[in-house]
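Colleague: I have the model open and would like to go through the strands and then the interior. Could you start with the terms you rely on?

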Amino acid sequence: MAAHKLAASARYFYIGPAPPASGPMQVTPVNLRAYGIWLGEDGRVLLCRERFRGGWVVKFPGGGLEPGEGLAGCLQREFLEETGLEIEIIRHYYTTDFFVPDLTDPSRAVVSVYFLVKPVAYAALPAAADGALEFFWAPLEGLEPGALSLPIDKEVARRLRADFTLLVPEGIF
């Protein structure tokens, strides 16, 4: 059995195999992303189709952090860029809790943070001028994980379906 070591540095702790005596512990680079879950009053959720590597992915609206950006700022910027809508973040919903390799660089891990959101003021969703992004509403109650392309989105779809009876009466839209 491998020896485990508890390492502490100010506010951060690491519990795992002791790093090799010859060098520092290896850290996996992370691609941090923020996504919004907008539940409509009719029990539907906003999804988008986006061009990626010559094909299409179906996902929740959102994307990656830019330098100097926090999660909330990233999500608000992404929603504004993609939909033209300003959003209010209602609350955190889910953060990736399993390893997912980055599609563009498998040496990096993807960590996605999902928030329940609603628009500040509703307006019609735009049609992408270049055809690279399309928005559509999907019924939350019947949302199948297989309808989404990305592994973390599939997990969120499973959780949303399980939470459907809790989220809709709570008025999260």
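Modeller: Two strands count as paired if DSSP finds at least two bridges between them, and helices (H or I, at least four residues) and strands (E, at least two) are DSSP runs numbered from the N terminus. This is a predicted model, in which local features need pLDDT of at least 70, side-chain atom pairs count only at pLDDT 80 or more, and totals for chains, interfaces and linings use all residues. Residues are numbered from 1 along each chain as its sequence is written, and side-chain values use heavy atoms, with hydrogens and water left out.

Colleague: Which residue in β5 is the bridge partner of Arg51?

Modeller: That partner is Trp56; β4 and β5 (residues 55-59) run antiparallel and are joined by five bridges. Their hairpin has two residues between the strands, and Arg53 takes a positive phi near 50° there.

Colleague: And how many bridges join β4 to β9?

Modeller: Seven, again in an antiparallel arrangement, with Arg44 having Pro139 in β9 as its bridge partner.

Colleague: Switching to the interior, which residues of the largest nonpolar core touch the most other members?

Modeller: Among its 23 residues, they are Ile37, Val45, Leu47, Phe60, Tyr114, Leu143 and Val156. Such a core is a set of buried Ala, Val, Leu, Ile, Met, Phe, Trp, Tyr and Cys residues joined through side-chain atoms within 4.5 Å, where buried means under 20% relative accessible area (1.4 Å probe, protein chains only).

Colleague: What gives the most to this core?

Modeller: α2 does, with five residues.

Technical notes
Buried means under 20% relative accessible area, exposed over 50%, partly exposed in between (1.4 Å probe, protein chains only).
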